[in-house]
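Reader: I am in my first year and still learning how to read a protein model. Could you take me slowly through one part of this one, and then show me how that part sits within the rest of the chain?

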Amino acid sequence: MPSRKQQNPVRVATGVMQPFRIRGIPIFVHWSVLFIDVCIAANAYLVNSFVSSSADWRVAIGCCFSYTVSITAHEFGHAAAATSVGLKVHAIHLTGGASHCRTDRPHSVRSAFLLYSGGLLAHLALLSGAASYLALFGWPRSPAGLCAMYTFVAVNLISIAITLVPYRWGRHVSDGRILWRLLMHAIRDVSGPLPVPESNSQVSPTRK
Ligand SMILES: [Zn+2]
C-alpha cells in the first residue's frame, strides 16, 4: 500500500529549481524569481548610472536583496503562523507572480485567521525593523544603502496594500478577501465549514 506521501505528493511546477530545505520544509524557487531579480538589479544599475557619473553595482545588489527579502518574507510569515498554531507546513513555493505556502488546512477561525495573516504580519515586522533603524540611525548615506532602504520600505508598503485588497484572480484568492470572510464568519457566529478556499495559497496537498 503506498504511503500517504506517495498518494499525495507535493506538486512541483515545471521551471522550478531543485528544492532546498529550511528546518525540513522544502523550498521551491521558480525561475521567474531570478528573472525579476535580474530585472530589478539591471534597472537599479542603469538608473544609478544615469543619475550619477559612475554606476555602482552595489546599488543593484542592495535593491535586489531588499526586494527578495521583502517578497519571500511573506510566505515565511505564513509558514511561521502555521507552525505557531500546530499546522504542518508542507512546502513553500516562491514564484515571480503567485508564491504560496502549502500547509494543513486550518480547523478553527482562530488558526485560519492567524494563518492568513502571516504574510501581512511578516511585512509589518520588516517595516517595524526598518522604522526602528531609521529612527536610530537615519537614512543611509551611501547610494547603495539608500536605494536598498527605499526599496525595502516601498516593497513592504506596496505588499501590505496588495495583501489587504479583497480580490480573486482565477484560482487565487487574496489574503485580504479570506480574512474579511473569516471576520464575517466569526461575527455572525455561523456554523458550517470555514470560508477558506479549497485551492489557494494555503492548502494541504491532501486536498488537491
Ligand atoms: Zn499571503
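Author: Let us begin with one residue, Arg105, which is found in the loop that runs between β4 and α4. As you read on, please keep in mind that the model is a predicted one. Is Arg105 buried or exposed, or something in between? Arg105 counts as partly exposed, because 17 C-beta neighbours lie inside 10 Å of it, whereas a residue needs 20 or more to be called buried and 12 or fewer to be called exposed. From Arg105 you can also look along the sequence to Leu115: ten residues separate the two, and in space their C-alpha atoms are 9.6 Å apart.

The strand on one side of this loop leads us into a sheet. β4 covers residues 100-103, and it pairs with β3, residues 89-94, in the antiparallel sense over four bridges. Within this pairing, Ile92 stands opposite Cys101 of β4. The two strands form a hairpin, with five residues between β3 and β4.

The hairpin is part of an open sheet of four strands, which follow one another in the order β1-β2-β3-β4 with mixed pairing. Which strands stand at the edges of this sheet? They are β1, residues 20-22, and β4, and each of them has a single partner strand, so one side of each is left without a neighbour in the sheet. On average, neighbouring strands of the sheet are turned by 25° against each other when direction is ignored.

At the other edge strand you will meet a second arginine, Arg23, whose place is in the loop between β1 and β2, the latter being residues 25-29. Arg23 has a positive phi of about 55°, although it is not a glycine. Because Arg23 has 7 C-beta neighbours inside 10 Å, it counts as exposed.

Turning from strands to helices, we can look at α2, residues 31-51, and α3, residues 57-84, whose axes come within 8 Å and cross at roughly 140°. This crossing of α2 and α3 is right-handed. On the side of α2 the contact is made by Asp37, Ile40, Ala41, Ala44, Tyr45 and Asn48, while α3 contributes Trp57, Val59, Ala60, Ile61, Cys63, Cys64, Tyr67 and Thr68. Sorted by class, the contact between α2 and α3 has eleven nonpolar residues, two polar ones and one charged one.

Now we can step back to the whole chain. The protein chain has six helices and six strands, and along the sequence these follow the pattern α-β-β-α-α-β-β-α-α-β-β-α. Of its 208 residues, 29% count as buried. Among contacts in the chain with a separation of 6 or more, 64% are between residues 24 or more positions apart.

How far should you trust what you see? The chain averages a pLDDT of 84, and 88% of the residues score at least 70. Among the elements of the chain, helix α4, residues 109-137, has the highest mean pLDDT, 95, and helix α1, residues 4-7, has the lowest, 41. Over residues 1-8 the pLDDT is below 50, and this stretch has three contacts in the model beyond near neighbours in sequence. The pLDDT is also below 50 over residues 199-208, a stretch with 28 contacts beyond near neighbours in sequence. Where pLDDT is low, the predicted coordinates should not be read in detail.

How values were computed. Residues numbered from 1 in each chain as written. Predicted model: local features only at pLDDT ≥ 70, side-chain atom pairs only at ≥ 80, totals over all residues. Axes fitted to C-alpha atoms, helices over the stretch in contact; angles between N-to-C directions. Left-handed = near helix turned anticlockwise from the far one by under 90°. Contact = placed C-beta atoms within 7 Å. Nonpolar A, V, L, I, M, F, W, Y, C, P; charged D, E, K, R; others polar. Pairing = 2+ DSSP bridges. pLDDT = per-residue confidence, 0-100.
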